[in-house]
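Biologist: I am new to this structure and would love a close look at one part of it. Could you pick a single residue, show me its surroundings, and then walk me outward from there?

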Amino acid sequence: MAAAMASQGERAVLEEEFKWVLQEEVHAVLRQLQDILKEASHRFALPISGSGGAVKQENFVLSTSGTDQVKGVMTLQGDALCQADVNLKMPRNNQLLHFAFREDKQWKLQQIQDARNHVNQAIYLLMNRHVNYQFKTGLEVLKLMDAVMLQLSRARNRLTTPANLTLPEIASSGLTKMFTPALPPDILVNFYINLNKLCLTVYQLHVLQPSTTKNFKPAGGSVLHNPGAMFEFGSQRYEVSHVHKVECVVPWLNDALVFFTVSLQLCQQLKDKISVFSSYWNYRPY
């Protein structure tokens with residue numbers, strides 16, 4: 001009898017504590033998440049609550065230690081490359097090529113744009129309820145955390161996972177038409193984000209003559225193609241002869257990735273706490 005009463009007493013205490021978690025702690029965590037993700041949105045130059053203002057331009061020098069084959073100076077404004085100056089030293093004759101964005105052109109970095117949109121969606125999910133709203137079940141909280149974590153994971157993945165592109169896709173992209181002077185036909189370029197870095201890859205090509213004895217094997221999609229990769233574009237076949245990759249850390253992208261990690265950890269900790277309460281007794285948060 002005493003044991004049963006003790007058990008009922010423990011259950012009552014746990015139920016009261018769980019109610020406090022739903023009414024108080026969950027909201028505290030949601031406010032903390034909102035603050036962190038608003039800081040992340042500032043890094044992405046996202047206007048909050050309709051506040052505007054021009055996005056500042058930042059200059060980055062892209063290079064690789066130990067080689068001066070390629071050097072690039074890029075101007076990043078939010079999710080757009082608005083200026084790009086690239087110097088390329090040709091290995092064959094040390095000829096120096098220089099090409100830059102036309103003044104009327106800028107290149108949208110879709111990875112940054114997508115990551116920014118996912119951050120926005122996560123903030124919307126966290127704020128999309130009345131200020132006095134009270135959670136009634138653990139399941140409500142779990143579903144919300146899953147939805148927020150999905151958006152944060154997608155935001156992080158857009159920065160950490162560059163697109164796999166085929167060489168014909170790179171050759172036919174609008175990027176090839178943005179430079180002055182025009183890129184020579186034996187040069188391809190690609191810009192992308194990898195983690196916290198802005199990357200530029202320059203591919204030097206040579207034409208495969210119809211009489212070549214090489215077995216033509218078109219390369220598939222990849223973030224970075226290696227020398228020897230072959231592809232067909234138009235009516236011509238090419239092989240990659242040299243690959244040059246230069247990069248530079250973008251500090252605010254690094255900040256954003258840290259914010260994503262901290263936010264995901266907070267979401268998981270809250271989920272774990274809800275799950276622990278439901279495991280103490282046959283109280284299902286449904």
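**A close look at Phe-179**

Modeller: Happily! Setting aside neighbours up to four places away in sequence, Phe-179 is in contact with Phe-99, Ala-100, Phe-101, Arg-102, Val-189 and Phe-191. Please keep in mind that this is a predicted model. Phe-179 itself belongs to strand S6. Is Phe-179 buried or exposed? Phe-179 counts as buried because its relative accessibility is 4%, and the cut-off for being buried is under 20%.

Now look at one of those contacts along the chain. Phe-179 and Ala-100 are 79 residues apart in sequence, yet their C-alpha atoms are 5.2 Å apart in space. Such long-range contacts can be found elsewhere too: of the contacts in the protein with a separation of 6 or more, 67% are between residues 24 or more positions apart.

Next, the rings. A pair of aromatic rings is described by the distance of the centres and the angle of the planes. Phe-99 and Phe-179 form an edge-to-face aromatic pair, with 5.3 Å from centre to centre and 90 degrees between the planes. This pair links distant parts of the chain, as Phe-99 is in strand S4 (residues 96-101) and Phe-179 is in strand S6 (residues 179-180), 80 residues apart. Both Phe-99 and Phe-179 are buried. The pairing goes further, since ring pairs link Phe-99, Phe-101, Phe-179 and Phe-191 into a cluster. The whole structure has seven aromatic pairs.

Just along the chain from Phe-179 there is something else to see. The peptide bond from Thr-180 to Pro-181 is cis, with omega near -5 degrees. Pro-181 sits in the loop between S6 and strand S7 (187-194). At the loop between S7 and strand S8 (197-207) you will find Leu-195, which has a positive phi of about 60 degrees although it is not a glycine. Both details catch the eye because most residues other than glycine have a negative phi, and most peptide bonds are trans. Leu-195 is partly exposed because its relative accessible area is 43%, which lies between the cut-offs of 20% and 50%.

From the ring cluster, follow Phe-191 into the core. In soluble globular proteins, nonpolar side chains tend to be buried together. Here, the largest nonpolar core has 67 residues, and Phe-191, Leu-200 and Phe-260 touch the most other members. Helix H5 (residues 251-280) gives this core its largest share, twelve residues. At least three residues of the core come from each of domain 1 (8-46 + 111-159 + 253-282) and domain 2 (86-105 + 164-250). There is also a second, separate core of ten residues, with Leu-167, Leu-188, Tyr-203 and Ala-229 among them.

Leu-200 deserves a look of its own. Beyond its neighbours within four places in sequence, Leu-200 is in contact with Leu-62, Val-70, Met-74, Val-86, Val-189, Asn-190, Phe-191, His-244, Lys-245 and Val-246. Two of these names, Val-189 and Phe-191, are also contacts of Phe-179.

Lys-245, another contact of Leu-200, lies in strand S10. Lys-245 counts as partly exposed because its relative accessibility is 30%. Apart from residues up to four places away in sequence, Lys-245 touches Thr-64, Tyr-192, Asn-194, Cys-199, Leu-200, Thr-201 and Leu-224. Its C-alpha atom and that of Ser-63 are separated by 8.0 Å, although the two residues are 182 residues apart along the chain.

Gln-236 is found in strand S10 (residues 236-249) as well. With a relative accessibility of 27%, Gln-236 counts as partly exposed. Outside the residues up to four places away in sequence, Gln-236 touches Val-207, Leu-208 and Phe-231. The next residue along, Arg-237, lies over the face of Phe-216, at 4.0 Å from the ring centre.

Finally, step back to see the whole. The protein has five helices and ten strands, and 40% of its 286 residues count as buried. One of the helices, H3 (residues 138-160), has 23 residues and reaches 32 Å from its first C-alpha to its last, close to the 33 Å expected. Buried residues in H3 include Val-141, Leu-144, Val-148 and Leu-152.

Notes
Residues are numbered from 1 along each chain as its sequence is written. This is a predicted model: local features need pLDDT of at least 70, side-chain atom pairs count only at pLDDT 80 or more; totals for chains, interfaces and linings use all residues. Side-chain values use heavy atoms; hydrogens and water are left out. A nonpolar core is a set of buried Ala, Val, Leu, Ile, Met, Phe, Trp, Tyr and Cys residues joined through side-chain atoms within 4.5 Å. Buried means under 20% relative accessible area, exposed over 50%, partly exposed in between (1.4 Å probe, protein chains only). Helices (H or I, at least four residues) and strands (E, at least two) are DSSP runs, numbered from the N terminus. Domain bounds come from an automatic or database domain assignment. Contact means heavy atoms within 4.5 Å. Rings of Phe, Tyr and Trp (its six-membered ring) pair if their centres lie within 6.5 Å; planes under 30 degrees apart count as stacked, over 60 as edge-to-face and the rest as tilted. A charge sits over a ring if NZ of Lys or CZ of Arg is within 6 Å of the ring centre and within 35 degrees of the ring normal. The expected span of a helix is 1.5 Å times one less than its number of residues.
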